[in-house]
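Biologist: I should like to ask for a close look at a single part of this structure, followed by an account of how other parts of the chain are arranged. Please explain each step for a reader who is new to the subject.

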Amino acid sequence: MSLTEKVLEVKNFLHQTPIFENIIDEQLQAVANIAILQTYKKNETLFWEGDAATGLFIVKSGKIKVFKVANHGKEQILHIFEISEYFAEVPAFDGGNFPASAAAIEISEVVFIPRTSFFMVLQQHPTLAIAMLGTFARHLRHLTHLVNALSFQEVPERLTNYLLKLSQKNGNINVVELDLPKTQLAALLGTVPETLSRAFYKLTQEGKIAVNGTKITLFDKILTSKSN
């Protein structure tokens, strides 16, 4: 694939992403010209907390987790980013270090937009900066929900909300398949695998779910809680 074809591929992809979907063609072309495609193996790290922020990332394929590790080694996943989702935009803008680490959960391809080059594009196309403001609000809202969940919800409630979101994401179906290994899911929900297993057991005993391997059947009791 020639360089021109790669730039066109990136441009077409960026046009479908929430962060750039409403950007005019000239601005989109300018971003595509500086973007770099990067591929990561499963469990490969994109950056570590404290590293100098070099730019922002958009997931083209696969899944990327952004996480922090406590002094005693416990991992807390802040968010899992999937196709078309973007991350690390805040340090890319403020010039600080990465506040968390990022690693590929599976083989993943990302579009990397270098900070210095992106600032040059923003100077040439200032309306792009205005469009970026919405990205900060969306990610701040997510972090607010995360703090609320970790502070005020027990693990079974966090698991319930996760399963309901998984159901909604797949069209409000009653049978969902876990999209993460339980170790990763535990880290996402701010707990450990043993406590997560107890939460699954509790929901099963309450008649809210049935577990068959990675497939979870959601019964009326859990579906009704969505509207309460």
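Modeller: Two residues are in contact when heavy atoms of theirs lie within 4.5 Å. The model is a predicted one, and the part chosen for the close look is T17.

T17 belongs to the loop between α1 (3–15) and α2 (25–34). Is T17 buried or exposed? With a relative accessibility of 0%, T17 falls in the buried class, because buried means under 20% relative accessible area. Which residues does T17 touch, once its neighbours within four places in sequence are set aside? They are I58 and S84.

S84 deserves a look of its own. This residue sits in the loop between β5 and β6 (86–87), and S84 is likewise buried, at a relative accessible area of 15%. Its backbone has a positive phi of about 80 degrees, although S84 is not a glycine. A88 also combines a positive phi, here about 70 degrees, with not being a glycine. The loop that holds A88 runs between β6 and α3 (89–94), and A88 counts as buried at 13% relative accessibility.

The strand β5, which precedes the loop of S84, leads to a sheet. Four strands make up this open sheet, in the order β2-β7-β4-β5, and their pairing is antiparallel. Its edge strands are β2 (45–47) and β5 (75–81), each of which pairs on one side only. From one strand to the next, the twist averages 30 degrees. Within the sheet, β4 (residues 64–69) and β7 (residues 101–104) are joined by four bridges in the antiparallel sense. One example of a bridge is K65, whose partner in β7 is A103. In a regular strand, side chains alternate between the two faces of the sheet.

Another buried residue is found in a helix. L128 lies in α5 (residues 127–152) and is buried, with 0% relative accessibility. Leaving out residues up to four places away in sequence, L128 touches F20, I23, Q27, V31, V121 and L122. How far apart are L128 and T195 in space? Their C-alpha atoms are 45 Å apart, while 67 residues separate the two in sequence.

T195 leads to a pair of helices, α6 (residues 155–169) and α8 (residues 193–205), which pack with their axes 9 Å apart and at an angle of about 75 degrees. This angle makes α6 roughly perpendicular to α8, because angles from 65 to 115 degrees are classed in that way. On the α6 side, the contact is made by V155, P156, L159, T160 and L163. On the α8 side, T195, L196, A199, F200, K202 and L203 take part. By type, the residues of this contact divide into eight nonpolar, two polar and one charged.

Both helices lie across strands. α6 crosses β9, β10 and β11, running at about 100 degrees to β9. α8 lies across β10 and β11, at about 125 degrees to β10. These three strands form an open sheet in the order β9-β11-β10, with antiparallel pairing. The edge strands here are β9 (175–177) and β10, each pairing on one side only, and the average twist from one strand to the next is 25 degrees.

The pairings in this sheet can be followed residue by residue. Three bridges link β9 with β11 in the antiparallel sense, and E177 stands opposite K215 in β11. β10 (residues 209–212) is joined to β11 (residues 215–218) by four bridges, also antiparallel, with I209 opposite L218. β10 and β11 form a hairpin with two residues between them, and G213 in the turn has a positive phi of about 70 degrees.

A few totals place these parts within the chain. The secondary structure amounts to nine helices and eleven strands, and the C-alpha atoms fill a box of roughly 60 × 40 × 35 Å along the principal axes. Of the 228 residues, 43% are buried. Among contacts between residues at least 6 apart in sequence, 69% join residues at least 24 apart. The accessible surface comes to about 12300 Å², and carbon and sulfur atoms account for 55% of it.

Definitions and conventions:
Residues numbered from 1 in each chain as written. Heavy atoms only, no water. Axes fitted to C-alpha atoms, helices over the stretch in contact; angles between N-to-C directions. Parallel < 35°, antiparallel > 145°, perpendicular 65-115°, else oblique. Nonpolar A, V, L, I, M, F, W, Y, C, P; charged D, E, K, R; others polar. Pairing = 2+ DSSP bridges. Buried < 20%, exposed > 50% of the residue type's maximum accessible area, 1.4 Å probe, protein only. Areas by Shrake-Rupley, 256 points an atom, 1.4 Å probe, with all protein chains shown as cover.
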